[in-house]
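Here is a short set of exercises to work through with a structure viewer open. Try each task before reading its solution.

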Amino acid sequence: MRDVPDPDDRRTFDWSQVSSGNTSIALFHALIAIRTAYPALRTGSCMTLLTDDTNKIYSFGRMDLKNRIAVILNKDSRSHTVTIPSYQLSMTNGSSVTDQLTGNTYQVENGQVTVNVQGDGGVILAQ
């Protein structure tokens, strides 16, 4: 919460003040739902899949016995095509992964997945 003095600036978010047209709030709702739907995002093992300082890309994976999740983050203002080593998450060739934010589906080929990541954005690939 902003524009309130300490300690009120550390209170939980007042969801009753939310406007349905606020895209930032809609994104937070989507991220919360994804985190709730996939326990691997909370308790699964975690590994770095890719770091690319030049293009400002970072990817990490989380997995448990049920799901494999790859998160790709793009801090650059430009879109980038990113290939991650999905074999590190035991994703098999020919299988598909779905971006939980857009619903787009991608195929695992040669132990990798290639996606276009919008500038200042990310994808959450789940299998």
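The exercises below go from the overall fold to the sheet, and then to single residues.

This is a predicted model, in which local features need pLDDT of at least 70 and side-chain atom pairs count only at pLDDT 80 or more, while totals for chains, interfaces and linings use all residues. Residues are numbered from 1 along each chain as its sequence is written, and side-chain values use heavy atoms, with hydrogens and water left out.

**Exercise 1. The overall picture**

Describe the secondary structure, extent and burial of the protein.

Solution. Start with the elements: the protein has two helices and eight strands, where helices (H or I, at least four residues) and strands (E, at least two) are DSSP runs numbered from the N terminus. Read from the N terminus, their order is α-α-β-β-β-β-β-β-β-β.

Next, take the extent. The C-alpha trace spans about 55 × 35 × 25 Å along its principal axes.

Then look at the surface. Its accessible area is about 8100 Å², and 49% of this belongs to carbon and sulfur atoms; such areas come from the Shrake-Rupley method with a 1.4 Å probe, and for residues only the protein chains shown count as cover. Of the 127 residues, 31% are buried. Here buried means under 20% relative accessible area, exposed over 50%, and partly exposed in between (1.4 Å probe, protein chains only).

Finish with the contacts, meaning heavy atoms within 4.5 Å. Among those between residues at least 6 apart in sequence, 48% join residues at least 24 apart.

**Exercise 2. Ordering the sheet**

Work out the strand order of the open six-stranded sheet, and say which strands stand at its edges.

Solution. Two strands pair if DSSP finds at least two bridges between them, and the pairs can be followed one by one.

- β1 and β2 run antiparallel and are joined by seven bridges. They form a hairpin with four residues between them, and K56 in the turn has a positive phi of about 60 degrees.
- β2 (residues 57-63) and β3 are likewise antiparallel, with seven bridges, and a hairpin of four residues links them.
- β3 and β8 (residues 121-126) are antiparallel, with six bridges.
- β5 and β8 are antiparallel too, joined by two bridges.

The full order is β1-β2-β3-β8-β5-β6, with antiparallel pairing. β1 (45-52) and β6 (105-107) stand at the edges, each with a single partner strand, so one side of each has no neighbour in the sheet. From one strand to the next, the twist averages 25 degrees.

For β3 (residues 68-74), add the burial: five of its seven residues are buried, so the strand is mostly covered.

**Exercise 3. Walking across the strands**

Start at C46 and find which residue stands opposite in β2, then go on across the sheet.

Solution. C46 stands opposite R62 in β2. R62 in turn stands opposite I69 in β3. From I69, the bridge partner in β8 is A126. A126 is also the bridge partner of T98.

**Exercise 4. Two residues in one loop**

Locate P85 and Y87: which is buried and which is exposed?

Solution. P85 lies in the loop between β4 (80-84) and β5 (96-99), and Y87 is in the loop between β4 and β5 as well. P85 has a relative accessible area of 13%, so P85 is buried. Y87, at 51%, counts as exposed.

Now look at the surroundings of P85. Not counting residues up to four places away in sequence, P85 touches L49 and G111. P85 and A126 are 41 residues apart in sequence and 14 Å apart in space, C-alpha to C-alpha. For Y87 and A26, the separation is 61 residues in sequence and 32 Å in space, C-alpha to C-alpha.

**Exercise 5. Charges and a nonpolar patch**

How many salt bridges does a search of the whole structure find, and which residues form the nonpolar patch on the surface?

Solution. A salt bridge is a side-chain nitrogen of Lys or Arg within 4 Å of a carboxyl oxygen of Asp or Glu. The search finds one: the side chains of D76 and R78 meet at 3.1 Å, N to O. D76 has 9% relative accessibility and therefore counts as buried.

For the patch, keep residues with over 30% relative accessible area and no salt bridge; like charges are joined within 9 Å, and nonpolar side chains (Val, Leu, Ile, Met, Phe, Trp, Tyr) within 5 Å. F13, W15, L27, F28, L31, I32 and L101 form the nonpolar patch, with about 630 Å² of accessible area together. One of them, L31, is in helix α1 (residues 23-37) and counts as partly exposed at 33% relative accessibility.

Technical notes:
Axes fitted to C-alpha atoms, helices over the stretch in contact; angles between N-to-C directions.
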